[in-house]
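Me: I should like to request a close look at a single part of a protein structure. Please treat the part in detail and then place it in its surroundings.

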Amino acid sequence: RIWAYIPLFIASIFFWSIEEQGSVVLAIYADERTNLDFMGFHLIPSWFQSLNPLFVILMSTMFAWLWTKLGERQPSTTIKFSIGIVFAGLSFVILVIPALLNGVDTLVSPWWLVLSFFLVIVGEMCLSPVGLSATTKLAPRAFQSQMMSVWFLGDAAAQAINAQIVSLYSPENEVMYFAIVGGF
């Protein structure tokens, strides 16, 4: 069962690598690339950091209901993981569109950033609870606590990867950055 867990662990690292960049790359994007004057209001870049927990709170009940409603017909763990990773990738790839449409030297609508956060949290709803469950199910009974630590080690590994790659982001190369990281 531990061998079956290894691909899930690796997949979680890819997912968390994108999800955790919300507090770094997307914060820079909010500050430098987003039109903060929106519908007569001036938005503060740090307000976008509230989108992640807000979407988690709003969507967690909906996804719990969905998985319960589907019962035996719900997708397998690997399909849910795959959906989660695809949505995480899309959350970055979608940010290529405004740069291609308007260039990298114009400010973009805040809706692009909202959409990016929304997509990654849809992915999180497919991957995170399922990963926690799979971790306890696949762990040998005597090592369930240690396996939970391994699950969180995936997020730590993603943070280590992010520490290396976030320095590559700049508004001038954002098309390549979002396309490569999201596509990968």
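Which residues does Asn35 touch, not counting residues up to four places away in sequence?

Reply: The model discussed here is a predicted one. Not counting residues up to four places away in sequence, Asn35 touches Leu107, Val108 and Pro110. Asn35 itself lies in the loop between α2 and β1. Along the chain, Asn35 and Leu107 are 72 residues apart, yet their C-alpha atoms are 5.0 Å apart in space. Asn35 has a relative accessible area of 30%, and therefore it is partly exposed, a class that lies between under 20% for buried and over 50% for exposed.

The chain then passes through β1, residues 37–38, and on to Met39, which is found in the loop between β1 and β2. Met39 counts as exposed because its relative accessibility is 66%. The backbone of Met39 also deserves attention. Most residues other than glycine have a negative phi. Met39 is not a glycine, although it has a positive phi of about 50°.

After β2, residues 41–42, comes the loop that leads to α3, and Leu43 has its place there. Leu43 has a relative accessibility of 16%, so it counts as buried. With neighbours within four places in sequence left aside, Leu43 is in contact with Leu36, Phe38, Phe48 and Pro110. Pro110 thus appears twice in this account, because Asn35 touches it as well. A different relation holds between Leu43 and Ile13: these two are 30 residues apart along the chain, and 32 Å separates their C-alpha atoms.Phe48 carries the description further. Not counting residues up to four places away in sequence, Phe48 touches Ala30, Thr34, Leu36, Leu43, Pro110, Leu113, Val114 and Phe117. Two of these, Val114 and Phe117, are also in contact with Leu51, its neighbours within four places in sequence being left aside. Leu51 lies in helix α3, and it counts as buried because its relative accessibility is 12%. Leu51 and Gly22 are 29 residues apart in sequence, and the distance between their C-alpha atoms is 9.7 Å.

Phe48 also leads to the interior of the model. The largest nonpolar core has 50 residues, and those with the most contacts inside it are Phe48, Tyr177 and Phe178. The elements that give two or more residues to this core are α1, α2, α3, α4, α6, α7 and α8. Helix α6 provides the largest share, 13 residues.

Tyr177 and Phe178 may next be considered through their rings. Together with Tyr29, Phe92 and Tyr169, they form one aromatic cluster. The model has 12 aromatic pairs. In one of them, Phe15 and Trp16 lie edge-to-face, 4.9 Å centre to centre, with 80° between the planes. Phe15 counts as buried because its relative accessibility is 0%, and Trp16 counts as buried because its value is 8%. The ring centres of Phe92 and Tyr177 are 6.4 Å apart and their planes are at 45°, so this pair is tilted. Phe92 belongs to helix α4 and Tyr177 to helix α8, and the pair links distant parts of the chain, 85 residues apart. Both Phe92 and Tyr177 are buried.

Trp16 also takes part in a contact between two helices. Two packed helices are described by the angle between their axes and the distance between the axes. Helix α1, residues 2–19, and helix α7, residues 144–165, pack at an angle of about 35°, with their axes 8 Å apart. Their crossing is right-handed. From α1, the contact is made by Ile2, Tyr5, Phe9, Ser12, Ile13, Trp16 and Ser17, while the residues of α7 include Met147, Val150, Trp151 and Leu153. The residues of this contact divide into 12 nonpolar, 4 polar and 1 charged.

Ser17 offers a detailed view of that contact. Its place is in helix α1, and it counts as buried because its relative accessibility is 8%. Not counting residues up to four places away in sequence, Ser17 touches Ala158, Ile161 and Asn162. These three residues of α7 are among those that make the contact with α1.

To return to the part requested, Asn35 is in the loop between α2 and β1, and it touches Leu107, Val108 and Pro110 when residues up to four places away in sequence are not counted.

Methods. Residues are numbered from 1 along each chain as its sequence is written. This is a predicted model: local features need pLDDT of at least 70, side-chain atom pairs count only at pLDDT 80 or more; totals for chains, interfaces and linings use all residues. Side-chain values use heavy atoms; hydrogens and water are left out. Axes are lines fitted to C-alpha atoms, for helices over the stretch in contact, and angles run from 0 to 180 degrees between N-to-C directions. Helices (H or I, at least four residues) and strands (E, at least two) are DSSP runs, numbered from the N terminus. A crossing is left-handed if the near helix is turned anticlockwise from the far one by less than a right angle, and right-handed if clockwise. Contact means heavy atoms within 4.5 Å. Ala, Val, Leu, Ile, Met, Phe, Trp, Tyr, Cys and Pro count as nonpolar, Asp, Glu, Lys and Arg as charged, and the others, Gly among them, as polar. A nonpolar core is a set of buried Ala, Val, Leu, Ile, Met, Phe, Trp, Tyr and Cys residues joined through side-chain atoms within 4.5 Å. Buried means under 20% relative accessible area, exposed over 50%, partly exposed in between (1.4 Å probe, protein chains only). Rings of Phe, Tyr and Trp (its six-membered ring) pair if their centres lie within 6.5 Å; planes under 30 degrees apart count as stacked, over 60 as edge-to-face and the rest as tilted.
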